[in-house]
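Reader: I have a new model open on my screen and would love some company while looking through it. Shall we take it question by question?

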Amino acid sequence: MCGIMGYIGDRPAAPILLDGLARLEYRGYDSAGVAVAHNGTVAVRKAAGKLARLREMLEREPLPGTVGIGHTRWATHGQPTDTNAHPHTDESGRFVVIHNGIIENFLPLREELAARGHRLRSDTDTEVLAHLIEEEYRGDIVEATRRAVSRAAGAYALVVLCAHEPGRIVAVRMISPLVVGFGEGEMLLASDIPALLPHTRDVLVVEDGELVVLTRDAVRVETLEGRPVARQRLHVTWTAEQAERGGFPHFMLKEIYEQPRALQETLMGRLDGPDSVTLEGVHLDAAFARSLEKVWITACGTAYHAGLVGRYLFERVLRVATEADYAHELRYRDPLVEPGHLVVAISQSGETADTLAAARLCRSRGARVLAVTNVVGSTLSREADDVLYTRAGPEIAVASTKAYLTMLVGQVLLTLHLARLRGALAAEATRHLVEELTLLPRKVQEVLNHPAPVEALAREIACCEHVYFIGRGLDYAVAMEGSLKLKEISYIHSEAMPAGELKHGTLALVTPGTPVVVVLTQRHVYEKTISGLQEVKARGARVIAVAYEDDPEIEKHADRVLRVPRTHDFLSPVVSMVPLQLLAYWVARERGHDIDQPRNLAKSVTVE
Ligand code: G6P
């Protein structure tokens, strides 16, 4: 995710762009930049770091002009540096672009452009667009943009400013959001409505595959093929704060609903075909993969729970002994980490002190450290040998949701990659897994489309004092995360354990009416889990099952069933976790808590 802002009118553009970017900083904040057209040229100012750096730069070197574009970045390709910050230009500086999203085929495009003599300066996928537009320009920036984007694949929003045609701003939406704002004798453009609200409440939401041309007092909307589109403007009644959350009452709910999109981004450009996975920052080779004898997964909190899923996948698919350990435990237990071992350190922020310390320790013992992280340029990503970015976009709510799901899918990609290098998975099995992987965004969306049963259940259990979560194998990993979600925002005491472990102690706490959530997707242990479920039912527990939608048995055993679409058993955590996220959210809401900032917790724990 990144934030995009555009202005064309009679007022000085730079302060309007800066104000808009400040309102869009929740979409990304690792670097920022603006470009303003003036006297036949377009001048660019950009800087890595928070918006404040750009603001200072503009105070020192102001940009006059009343037409401009601005960007606040959440890096996906290339570290957050001054050079990689947007806007990007062609070599002449006449064609200026900002962009949100991913250009999937940027590598072949870069090579083509380089072969034709273009010199690209940044590591971004964005810069290729400025060069393509320059190549395609024959006096009409709209046509040049149209032709350039026809060569780009991916999901993105793009905004273009041309020094030769300062009277218009061109933008294209291909999945990533873009909204036009109507002012008095001025027009605006932004990734999201909050940035527009100080200027106007009349907006037009650009749809996928549309191109818009903004002039001072009008907007023209057309398809990418050039057919005009008639579109009604909308009048927005949200406050700026509501709008920042996309109309959702809390960031957590917004982030839960962003998951299908986030998963698409995690997968984008990484599955070249049924048996080829491309992971841009991962440089493991076949020799390393084949001789691999041990994998250590280390993390904290939700990332650790994602690691429990990874452990299972690595062992089952790669047949490599794998341990998953809390980073704060691993670092102090003198682990038997050796050269040739792979350490997978998982961290949304890439800044968790314990995870960094554990990764450093393992690296100092000669292991190869692979980071799975959401933040490009984070400490973990810089210190690791290999990096797999999850591409969830900024996560604001303390309770992690979309970061978790993308960590799961990231680890599935890693498993597939290593499996190919090791020759560990038959072609047919790979194809099946890949096929199901690509269906996950849609299946998660299906769960999100039917929240009513979860909301009803939340009302039932909101007054309970204890809730238990059980499951076996991957279902146990999900039970752990489901329990954490519930306790961290609802403040209800909850515990998760393997379904087979309940009878060894915790069963003593189950009394009539105690909610026990059982996650039940794994075919090979299904009957075993049902037995555990019977044990709690016999003690009067209120059994809540998360099960596949076509499970014919489960109604007989459970009081409430939350259904999820069937998928490959290895991928089930991605769908089965979603109703549990919603459950935690709705219980916390029922209890009237501060959902986005639960008491005593922090998003990122950078102290030991
Ligand atoms: C904190 C957050 C958790 C998070 C954990 C690890 O405790 O509240 O939501 O899972 O840190 O964070 P990381 O950024 O390393 O994934």
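Reader: How do the residues of the shell around the ligand divide into nonpolar, polar and charged?

Author: Happy to start there, with the reminder that this is a predicted model. The residues around the ligand include Cys300, Ala303, Val398, Ala602 and Val605, and also Gly301, Thr302, Ser347, Gln348, Ser349 and Thr352, together with Lys603. Sorted by class, the shell holds five nonpolar residues, six polar and one charged.

Reader: Which helix gives the most residues to that shell?

Author: Among the residues around the ligand are Gly301, Thr302 and Ala303. A helix spanning residues 301-318 gives three residues to the shell, the most of any contributor. That helix is α10.

Reader: Which residue has a polar side-chain atom 2.6 Å from an oxygen atom of the ligand?

Author: Several polar atoms of the protein lie within 3.5 Å of ligand oxygens, so it helps to separate backbone from side chain. Gln348 comes to 2.6 Å from a ligand oxygen through a polar backbone atom, and Val398 has a backbone N or O atom 3.3 Å from a ligand oxygen. The side-chain atom at 2.6 Å belongs to Ser349.

Reader: How much of the ligand's accessible area does the protein cover?

Author: Besides the contact from the side chain of Ser349, there is the question of cover. On its own, the ligand has 390 Å² of accessible area. The space that the ligand takes is the second largest pocket. There, the share of its area covered by the protein is 89%.

Reader: Stepping back, what is the radius of gyration of the protein chain?

Author: The chain has 19 helices and 26 strands. For 608 residues the globule rule gives 25 Å, and the chain comes close to that, so it is as compact as a globular protein of that length. Along the principal axes, its C-alpha atoms fill a box of roughly 80 × 55 × 45 Å. The radius of gyration is 25 Å.

Reader: Which peptide bond is cis, with omega near -5 degrees?

Author: Look in the loop between β4 (67-73) and β5 (88-89), where Pro87 lies. The cis bond leads into this proline, from His86 to Pro87.

Reader: And which residue has a positive phi although it is not a glycine?

Author: Try the loop between β2 (31-38) and β3 (41-48). The residue there with a phi of about 50 degrees is Asn39.

Key: Residues numbered from 1 in each chain as written. Predicted model: local features only at pLDDT ≥ 70, side-chain atom pairs only at ≥ 80, totals over all residues. Heavy atoms only, no water. Near = heavy atom within 4 Å. Polar contact = N/O pair within 3.5 Å; in protein donor to acceptor, adjacent residues only side chain to side chain. Areas by Shrake-Rupley, 256 points an atom, 1.4 Å probe, with all protein chains shown as cover. 1 Å grid on protein atoms, 1.4 Å probe; cavity = no way out; pocket = protein on both sides within 12 Å on 5 of 7 lines; lining within 4 Å. Sits in = over half its atoms within 2 Å of the grid points. Helix = DSSP H or I, 4+ residues; strand = E, 2+ residues; numbered from the N terminus. Nonpolar A, V, L, I, M, F, W, Y, C, P; charged D, E, K, R; others polar. Rg over C-alpha atoms; globule rule 2.2 N^0.38 Å.
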